Amino acid sequence: MYAQRVQTLDAHCFQEPVVLDQSPEQMMDGVGLPDEELIRLVVAGDVDVFEILMHRYQAHVSRIVGGHVPADVAREVAHDVFVKTYVGLATYAFERPFAHWLATIAVRACYDFWRQRQGADVPVSAITADHQRWIDQVLAAQSDEEFAERSRQQEATDVLQWALARLSPEQRMVVTLVHLEGNSVQEAAALLGWSAVNVKVRAYRARQVLRNILMSER
């Protein structure tokens, strides 16, 4: 059943590029429907309607995935997010906004990507003088806010990707969600499906590990 539903979704919605098969005029009624109505139609068997949901939330998913996985695999992971969303759509309980439910699937898909990637060789980028100065500033940060501010600097990109790749999947996700993206412990817990205590402990330990990684390059 799972394979059949995925094949059906791929045949209808995942063509190159991802576009709506029908014209805006033909789909005007569907496009104007709220998420809840579209979901009920898809669950009832109208696969084509899922294409409207994809179009509606493509940027949302791409933004989340793009912040957690390398650019060269972001499209593949986003594809996986929508497949998992379609297959699990019948379990959506309408208790929270669909965008939040979809974000949970997206974050967990990124987590799954890093779990599968764990142990792979990580290329070592050249650490320039500017990178070294950024590392010194991060190590001197006394708060999560200061840490996040340093992480937004231009020199952060290469060094952060290099360092984050050396964390475990759990550490990488919690550092990104809490310390870099500024989600609260409760928000990160909801996205990852962990307890708030678990997130708080992992966030603290992950930041310490990240500091140790950066200190090794001073």
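Helices H5 and H6 lie oblique to each other in this predicted model, and they make a good place to start looking around. Two packed helices are described by the angle between their axes and the distance between the axes. Here, H5 covers residues 71-87 and H6 covers residues 98-117. Their axes stand 9 Å apart and form an angle of about 130 degrees. Angles over 145 degrees would count as roughly antiparallel, and 65 to 115 as roughly perpendicular; the pair is therefore classed as oblique. If you turn the model to view one helix across the other, you can also check the handedness: H5 passes H6 in a right-handed crossing.

Now bring up the side chains where the two helices meet. From H5, the residues in contact are Val73, Val77, Asp80, Val81, Lys84 and Thr85. H6 answers with Phe98, Trp101, Leu102, Ile105, Ala106, Ala109, Cys110, Asp112 and Phe113. Sorted by class, this contact brings together eleven nonpolar residues, three charged ones and one polar one.

Let's step back to the whole protein. The secondary structure consists of twelve helices and zero strands, so as you follow the chain you read α-α-α-α-α-α-α-α-α-α-α-α. Contacts also link distant parts of the sequence: among those between residues at least 6 apart, 70% join residues at least 24 apart.

Finally, consider what is covered and what is not. The protein has 218 residues, and 41% of them count as buried. Its accessible surface comes to about 11,900 Å², with 51% of that area belonging to carbon and sulfur atoms.

How values were computed: Residues numbered from 1 in each chain as written. Predicted model: local features only at pLDDT ≥ 70, side-chain atom pairs only at ≥ 80, totals over all residues. Heavy atoms only, no water. Axes fitted to C-alpha atoms, helices over the stretch in contact; angles between N-to-C directions. Helix = DSSP H or I, 4+ residues; strand = E, 2+ residues; numbered from the N terminus. Parallel < 35°, antiparallel > 145°, perpendicular 65-115°, else oblique. Left-handed = near helix turned anticlockwise from the far one by under 90°. Contact = heavy atoms within 4.5 Å. Nonpolar A, V, L, I, M, F, W, Y, C, P; charged D, E, K, R; others polar. Buried < 20%, exposed > 50% of the residue type's maximum accessible area, 1.4 Å probe, protein only. Areas by Shrake-Rupley, 256 points an atom, 1.4 Å probe, with all protein chains shown as cover.
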